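Colleague: I am new to this structure and should be grateful for a short introduction. Could we proceed by question and answer?

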Amino acid sequence: MKTCDVLVSGGGIAGLTAAYAFAQSGFSVVCVDPTPLAATREDHGADLRTTAFLQPSQAFLNDIGLWSLVAEHSSALEVMRIIDAGGPEVPPVARLQKDFVAKDVSDLPFGWNVPNYILRKTFAQAVDAHPNITFLLGVTAEKLFTRLTEARVTLSNGDKYRCKLVVAADGRNSTMRTQSGISVTTNQFGQKALAFAVSHAIPHENVSTEIHRKGGPFTLVPLPDHKDQPSSAIVWMETNMQADRLLAMSPSDFETEMTARSCGIFGKLSLLTNRSAWPMMTQIAERLNGQRLALIAEAAHVVPPIGAQGLNMSLGDIRALVELAQKAPHDIGAETMLETYNKSRIGDIRTRVKGISLLNQASMAEHQTLRDLRAMGLETLYALPPVRKTLMKMGLGSR
Ligand SMILES: Cc1cc2nc3c(=O)[nH]c(=O)nc-3n(C[C@H](O)[C@H](O)[C@H](O)COP(=O)(O)OP(=O)(O)OC[C@H]3O[C@@H](n4cnc5c(N)ncnc54)[C@H](O)[C@@H]3O)c2cc1C
């Protein structure tokens with residue numbers, strides 16, 4: 001049997017970050033994942049989503065030495081623009097626009113947006129090169145056996161590892177979570193998010209724009225220019241029926257429909273990638289700890305992509321866990337450490353999951369009266385500067 005301090009099950013962006021952070025603190029780490037890396041966004045299976053890292057997440061990545069590896073691929077988010085296009089007009093018309101400006105609450109931008117395929121590829125290279133990490137790609141963590149003093153994990157390649165802590169970063173259907181008997185509460189929205197990249201003639205000026213009508217928000221998030229053309233990542237949330245209809249459209253019909261849905265704010269939108277689709281749900285684990293096991297990221301919580309909270313919450317999990325391990329390295333994975341981890345994170349996670357769920361439901365509203373009420377709500381909140389600033393600060397903090 002082989003040994004290590006920490007075994008990270010899952011080498012998505014969260015798992016790779018966790019592996020790197022523990023290794024940087026001097027722990028010996030094994031990280032396993034079955035999914036191959038995509039070298040370009042055209043590769044089969046490439047993650048076409050992007051991640052807007054909010055200030056605390058960018059600071060954490062910077063502290064552990066990963067930010068400098070992806071900084072050149074990032075776009076700053078200086079302004080969050082919310083547009084209400086919920087009026088009866090067809091095609092939609094922007095009837096209300098409110099700008100939340102980072103400068104009002106901070107010297108820094110709200111966040112920085114980076115394509116996920118670049119994050120996974122770059123972080124995987126860094127993990128692979130780290131002297132404290134064994135990175136096993138193409139390998140699954142299959143069985144978990146724990147006792148008070150250690151965990152034993154059996155991998156799909158037949159290897160068995162004995163470790164002090166297992167970090168479950170193996171996604172929303174986490175095998176490690178299931179094996180430890182931790183239950184989850186799931187709520188499906190009957191909705192999908194389409195994620196893809198576009199180019200457009202009008203520059204985004206580092207403004208992230210969320211347009212509300214019905215079925216869910218249509219969000220354009222700044223990307224660096226593509227072949228000298230302004231470019232954005234789009235997340236378009238719709239009911240399952242509408243999303244399936246959009247996915248079945250020819251690229252040119254789809255471009256016409258998405259340009260109309262964007263209210264033409266950047267001129268004609270041209271597809272740069274395939275369209276990927278993600279089912280929308282909230283899911284939360286009853287607790288973040290089991291014997292010798294810590295749940296992080298989507299193994300612990302799943303939220304719709306509203307307010308860029310998902311992976312940002314995950315980095316909050318990793319930072320909390322690594323800080324506890326640094327404080328008492330000999331007790332890594334012990335019951336008291338993992339109880340403290342759970343207590344420090346679960347309240348904030350529950351609040352954010354609930355808040356995002358409510359925002360999503362408001363954004364899905366079909367009925368005209370509800371859409372008008374939503375616009376009035378935005379107007380009222382925005383008109384009160386202290387409330388506006390508090391909301392911006394709450395959105396920023398992922399701790
Ligand atoms: C459209 C969209 C846009 C988003 N935008 C943002 C944003 O702007 N900001 C933000 O903070 N969040 C955002 N999110 C959320 C964010 O993308 C997710 O939180 C994040 O990608 C999940 O990462 P993860 O590492 O937890 O899970 P995953 O990416 O699912 O990784 C899990 C990994 O575990 C591996 N695995 C599975 N089973 C096993 C096993 N048994 N053993 C070993 N490995 C295993 C899988 O191969 C996979 O690589 C968005 C989400 C969506 C849907």
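Colleague: Is helix 8 mostly covered or mostly uncovered, and how many of its residues are buried?

Modeller: This is a predicted model, in which local features need pLDDT of at least 70, side-chain atom pairs count only at pLDDT 80 or more, and totals for chains, interfaces and linings use all residues. Residues are numbered from 1 along each chain as its sequence is written. A residue is buried if 20 or more other C-beta atoms, placed from the backbone, lie within 10 Å of its own. Helix 8 is mostly covered, the number of buried residues being 15 of 18.

Colleague: How far apart are the end C-alpha atoms of helix 8?

Modeller: Helices are DSSP runs (H or I, at least four residues), numbered from the N terminus. The expected span is 1.5 Å times one less than the number of residues. For residues 310–327 this gives 26 Å, which agrees with the separation of the end C-alpha atoms, 27 Å.

Colleague: Which element gives the largest share of the shell around the ligand?

Modeller: The shell holds 33 residues (C-beta atom, placed from the backbone, within 6 Å of the ligand). Gly-310 and Leu-311 are among those that come nearest. With four residues, the largest share comes from helix 8.

Colleague: Where does the ligand shell lie with respect to domain 1 and domain 2?

Modeller: The domain bounds come from an automatic or database domain assignment. Domain 1 (2–40 + 117–186 + 285–359) and domain 2 (69–114 + 188–280 + 362–396) both give residues to the shell, so its place is between them.

Key:
Helices (H or I, at least four residues) and strands (E, at least two) are DSSP runs, numbered from the N terminus. A residue is buried if 20 or more other C-beta atoms lie within 10 Å of its own, exposed if 12 or fewer, and partly exposed in between; C-beta atoms are placed from the backbone.
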